Amino acid sequence: MSSTDPPPAMPGVSADPAHQPEEKWGPVVLTISNSVLPLEKLSPTPSSLDGMTQAVEDDLRNLGCNLIQTAGKLLKLPQVAMATGCVMFQRFFYSKSFVRYSMEVVAMGCVCLACKVEEAPRRARDVINVFHHIKQVRQGKPIKPVILDTEYISLKNNIIKAERRVLKELGFCVHIKHPHKLIVMYMQLLGYEQHDKFVQMSWNFMNDSLRTDGFVRYQPETIACACIYLSARKLGIPLPKKPSWYEILNVEEDDIRDCCYRIICLYQRSKPVQEELEKVVDSLKAALDETRKQARQEVASSVAGVDSPASQPGSPERQGAKTGGEVVERRRGSEGERSRSRSQDRGQSRKRKKHKRERSHSGSDRDKKDKREKKGKRERSWSHSPISKGRKGGGGRSRSRDRQYSSHRTGQYLSHERFDKGDSRVAWDKDRRDKYDHRGYQEKYKKGERDHYRR
């Protein structure tokens with residue numbers, strides 16, 4: 001077989017690729033470009049469907065990413081971990097609403113998850129302490145440590161649940177390609193890697209763009225070019241135009257301008273206040289709960305308005321009432337047939353038992369049966385009774401004979417006729433009590449009547 005010959009075909013598989021079965025893939029696709037969402041998912045957002053305005057939603061996204069970055073600085077996390085947490089935060093709230101999920105708890109969960117993804121793990125307790133400290137500083141309250149009570153335990157459990165929920169909603173696609181390295185590479189391409197102010201400003205724009213939804217709209221190459229473009233315009237640094245430097249990097253100018261516009265709008269906004277945003281979210285949540293409550297009441301009233309199963313037209317009792325009780329009579333007839341069949345079955349079982357009793361068994365079978373019956377019955381033991389002591393010498397005597405002999409030993413022989421009477425029974429009981437009375441024994445022993453007990 002030469003090197004140019006085609007490989008041998010597998011048994012049961014056609015060699016022609018046109019006739020090969022088409023491979024079917026599942027709905028889960030694990031790629032780095034998954035962080036970019038399609039346009040139909042970007043609008044309308046779940047929060048807008050719950051009645052939240054676009055301005056409030058943008059402020060909540062800005063505030064959540066700001067909390068993640070501030071907490072990352074206090075936790076001494078790498079910049080890549082903070083960027084990963086911000087991107088996951090933005091992606092999560094494009095599938096869930098701010099009204100239904102707490103922004104602060106989800107931000108904590110994103111920080112914990114980003115620490116694990118970027119291999120810089122931090123404890124949930126440290127994350128809670130840092131967020132608590134940030135909240136106290138921004139509200140101007142005295143700094144106090146977190147009290148380890150039931151609220152702390154509940155918050156910790158909610159953070160763990162939020163972390164799992166983020167993983168589920170993102171389809172476990174949590175590895176994100178960040179434009180940090182791309183900015184340095186593009187600066188080297190343009191020949192400005194030694195221009196520290198240019199590089200630092202581009203880096204700052206890139207970090208600030210994490211507070212917008214640019215990372216879920218554009219590829220990292222587009223964001224890196226937009227940050228370089230903004231920094232060059234700000235510092236008045238000329239960039240190549242013929243050909244345009246971004247065309248070499250396979251980036252369109254419209255995308256760069258749109259990304260720059262979103263970054264500039266971030267600076268023109270007023271600083272969001274967490275307390276005011278929480279009030280707006282609480283009002284929307286109360287309205288949502290009220291609509292849910294009304295929907296439940298409507299469902300309950302509709303269910304209560306429906307008749308019971310016995311009163312429905314398909315019910316056997318309703319049909320029987322309409323047709324003059326024919327169904328009821330059929331039921332009674334079927335019950336009578338069932339009772340007759342049960343009585344016949346009982347009679348047949350009795351005949352079978354009688355037939356079994358009349359059958360003759362061999363001697364071995366009878367012995368086995370007797371042993372089984374003896375084994376099943378519990379026999380009474382007379383070993384501890386005073387009568388059995390007298391039976392040891394007599395072998396197989398009956399109880400009446402034992403009583404006669406015991407009374408003979410005490411000098412009172414009782415015949416069967418006298419024993420059957422009540423007075424003889426009383427006398428025998430008295431003699432028996434005297435025999436086993438310790439006090440009487442002691443008195444007779446003191447008097448010297450020892451021969452009576454030596455018999």
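Phenylalanine 172 sits in the loop between helix 7 and helix 8, the latter spanning 180-190. Keep in mind as you look at it that this is a predicted model. The backbone does something worth a glance here: phi of phenylalanine 172 is near 65 degrees, a positive value in a residue other than glycine. And is this phenylalanine buried or exposed? With a relative accessible area of 55%, it counts as exposed, because the cut-off for that word is over 50%.

Glutamate 119 makes a good companion to look at next. You'll find this residue in the loop between helix 5 and helix 6. Its phi is near 60 degrees, again a positive value in a residue that isn't glycine. Glutamate 119 is exposed too, at 71% relative accessibility.

Now step back and take in the whole chain. It has 21 helices and zero strands. Of its 455 residues, 32% count as buried. The accessible surface comes to about 31,800 Å², and carbon and sulfur atoms account for 51% of that. How do distant parts of the sequence meet? Take the contacts in the chain with a separation of 6 or more: 70% of them are between residues 24 or more positions apart.

A few residues let you see such meetings up close. Start with serine 231, which is found in helix 10. Its relative accessible area is 0%, so it is buried. What does serine 231 touch, once its neighbours within four places in sequence are left aside? The contacts are Phe198, Met201, Ser202 and Phe205. For one of these partners you can also follow the backbone: the C-alpha atoms of serine 231 and phenylalanine 205 are separated by 7.9 Å, though the two residues are 26 apart along the chain.

Asparagine 66 tells a similar kind of story. It lies in helix 3, which covers residues 54-74. At 17% relative accessibility, asparagine 66 counts as buried, because the line for that is drawn at under 20%. Not counting residues up to four places away in sequence, asparagine 66 touches Arg138 and Arg211.

Then there's glutamine 139, in helix 6. This one is partly exposed, with 29% relative accessibility. Along the chain, glutamine 139 and glutamine 274 are 135 residues apart, yet their C-alpha atoms are separated by 9.3 Å.

Helix 6 also brings us to the largest pocket. About 490 Å³ of space lies in it. Which helices help to line this pocket with at least two residues each? They are helix 5 (103-117), helix 6 (124-139) and helix 7 (150-169). Helix 6 gives the largest share of the lining, six residues. The lining has 19 residues in all, and those nearest the pocket's centre are Ile128, His132, Val146, Glu151 and Leu155. If you sort the lining by class, you get nine nonpolar, four polar and six charged residues.

Next, the cysteines. A disulfide is a covalent bond between the sulfur atoms of two cysteines. How many disulfides does the structure hold? The count is zero. Cysteine 112 and cysteine 115 show why a pair can miss out: the sulfur of cysteine 112 has its closest cysteine sulfur in cysteine 115, 6.5 Å away, which is too far for a bond. For comparison, the cut-off for a disulfide is a pair of sulfur atoms within 2.5 Å. Seen from the other side, the closest cysteine sulfur to that of cysteine 115 is in cysteine 112, at 6.5 Å. Both residues are tucked away from the surface by the numbers: cysteine 112 is buried at 4% relative accessibility, and cysteine 115 is buried at 1%.

To finish, go back to the backbone and look at two prolines. The peptide bond from serine 43 to proline 44 is cis, with omega near 0 degrees. Proline 44 lies in the loop between helix 1 (39-42) and helix 2 (46-49). Further along, a cis peptide bond also joins lysine 242 and proline 243, with omega about -10 degrees. Proline 243 is found in the loop between helix 10 (220-235) and helix 11 (245-248).

How values were computed: Residues numbered from 1 in each chain as written. Predicted model: local features only at pLDDT ≥ 70, side-chain atom pairs only at ≥ 80, totals over all residues. Heavy atoms only, no water. 1 Å grid on protein atoms, 1.4 Å probe; cavity = no way out; pocket = protein on both sides within 12 Å on 5 of 7 lines; lining within 4 Å. Points joined across faces, edges and corners; volume = space filled by probe spheres on them. Helix = DSSP H or I, 4+ residues; strand = E, 2+ residues; numbered from the N terminus. Nonpolar A, V, L, I, M, F, W, Y, C, P; charged D, E, K, R; others polar. Buried < 20%, exposed > 50% of the residue type's maximum accessible area, 1.4 Å probe, protein only. Contact = heavy atoms within 4.5 Å. Areas by Shrake-Rupley, 256 points an atom, 1.4 Å probe, with all protein chains shown as cover.
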